[in-house]
Amino acid sequence: MKLSIIVPCYNEQEALPYYFKAMEALRPQLPLEFEYIFVNDGSRDQTLVLLRTLATEHASVHYLSFSRNFGKEAALYAGLQRATGDYVTVMDADLQDPPSMLLEMYAKIQDPEIDCVGTRRIDRVGEPKLRSFFARLFYRLMNKFGQMPMMDGERDFRLMTRPVVDAILSMKEYNRFSKGLFSWVGFNTVYLPYENQKRVAGTTSWSFWRLFSYSLEGIVNFSDAPLNMASFVGASSCLLAVIALIIIIIRTLVFGDATAGWPSLVSIFLFIGGLQLLSLGIIGKYIGKIFLETKKRPPYLIKENEQTYLEKHATTAGSQTETH
């Protein structure tokens, strides 16, 4: 039996040695053959150099290196496509996903009724309060308006059986949101709680605005609530305008003078114009998603993997030998 370990990497040169050491220490405790699949998502540091070294020294290590930064979703998708294991896990390289939990996850998934074992954080100790507030708000909105329920604190870190992975790979969409896809495919999933872990080294690449944008992607991909909201706001504005018009007409007939005041009119025009632009922006977001899907562009492009690197290295070495 084989375990495929998918690790997206973006500027993780400081954390990778710690991560690999922790996983190798865990290896004897699991009755599984390990298959590491590191995905270098256009890192600008020495991440790729470290991956080359690991792949050269360890037969179980494989890597994919993108031609540029395509994002974590593309990295996850590429890793899932490359994975050949009977079980597949997705982890971060910064050790915020504790490797030791794989022992309990593997024990849980031996139950034939369980197809996937996920993880969720039960606290957000050490995280900025503003980020924590919006994170909890995101999960509340997704559970209230989204098509798929999601647990607060749910992580991508999970252990899946091969049927679950095949189901996820059967969805070829360009705009991907993994947490939503994991829920959408169904299957029996249980969650293990754990306390928030700090990064072992390095700094996170997830700024507040990047997380905010990622949250919007999730809402748009798995909910039509924004479109319904735009329709509701538009209908409400029209109704209020009709009521106001009736009041103005009645007032003019009764008191004999029209309602004066250009500042109020300007304010109303600006308010209505803002609502229209908001609605157009929401609709445009969905149209943009459709536009990207119809282009049929690949989610990522691979510049290098361990096979092409070793072949290129062997060819270069051979050429230098012939020259001498």
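Is D166 buried, partly exposed or exposed? I looked this up first. D166 has a relative accessible area of 40%, so I noted D166 as partly exposed. The model I am reading is predicted.

**Entry: D166 and its partner**

I then checked what the D166 side chain meets. D166 and R162 form a salt bridge, at 3.2 Å from N to O. Both residues lie in helix α6 (residues 162–169), and because they are four residues apart there, about one helical turn separates them.

**Entry: other salt bridges**

I searched the whole structure for such pairs and found eight salt bridges. As background, side chains of opposite charge can pair when their charged atoms come close.

One of the eight joins E24 to R27. The closest N and O atoms of E24 and R27 are 3.1 Å apart. I looked up the accessibility of both residues. E24 has 24% relative accessibility and so counts as partly exposed. R27 is partly exposed too, with a relative accessible area of 27%.

Next I took K72 and D156, whose side chains meet in a salt bridge at 3.3 Å, N to O. This pair links distant parts of the chain: K72 belongs to helix α3 (residues 72–82), D156 belongs to strand β6 (residues 154–161), and their positions lie 84 residues apart in sequence. The relative accessible area of D156 is 6%, so I recorded D156 as buried.

I also asked which residues are joined with K72 and D156 through shared partners. The network consists of K72, D92, D97, R155 and D156.

**Entry: cysteines**

How many disulfides does the structure hold? I found zero. I still looked up two cysteines. C9 counts as buried because its relative accessibility is 1%. C116, at 3% relative accessibility, also counts as buried.

**Entry: the chain as a whole**

I counted eleven helices and eight strands in the protein chain. The chain has 324 residues, and buried residues make up 43% of them. The exposed area is about 18,100 Å², of which carbon and sulfur atoms supply 62%. For contacts with a separation of 6 or more, I noted that 82% are between residues 24 or more positions apart.

**Entry: helix α4**

Which residues of helix α4 (residues 101–109) are buried? I listed M101, L102, M105, Y106 and I109. These residues cover an arc of only 135 degrees around the axis, which means that they sit on the same side of α4. I then looked for what that buried set packs against. The partners are α1 (16–26), β4 (87–90), β5 (116–121), β6 and β7 (189–194).

**Entry: nonpolar cores**

The largest nonpolar core has 35 residues. Inside that core, I5 and F38 have the most contacts. I listed the elements that give two or more residues to this core: β1 (2–9), α1, β2 (33–40), α2 (47–57), β3 (61–66), α4, β6 and β7. Helix α4 is thus in this list, and β6 and β7 are also among the elements its buried residues pack against.

I followed I5 further. Neighbours within four places in sequence left aside, I5 is in contact with Y19, M23, F34, E35, Y36, I37, T89 and M91.

I closed with a second, separate core, which has 27 residues. Among them are A75, A78, M171 and V185.

Terms used. Residues numbered from 1 in each chain as written. Predicted model: local features only at pLDDT ≥ 70, side-chain atom pairs only at ≥ 80, totals over all residues. Heavy atoms only, no water. Disulfide = S-S within 2.5 Å. Buried < 20%, exposed > 50% of the residue type's maximum accessible area, 1.4 Å probe, protein only. Salt bridge = Lys/Arg side-chain N within 4 Å of Asp/Glu carboxyl O. Contact = heavy atoms within 4.5 Å. Areas by Shrake-Rupley, 256 points an atom, 1.4 Å probe, with all protein chains shown as cover. Arc of directions from axis to C-beta. Core = buried A, V, L, I, M, F, W, Y, C linked by side-chain atoms within 4.5 Å.
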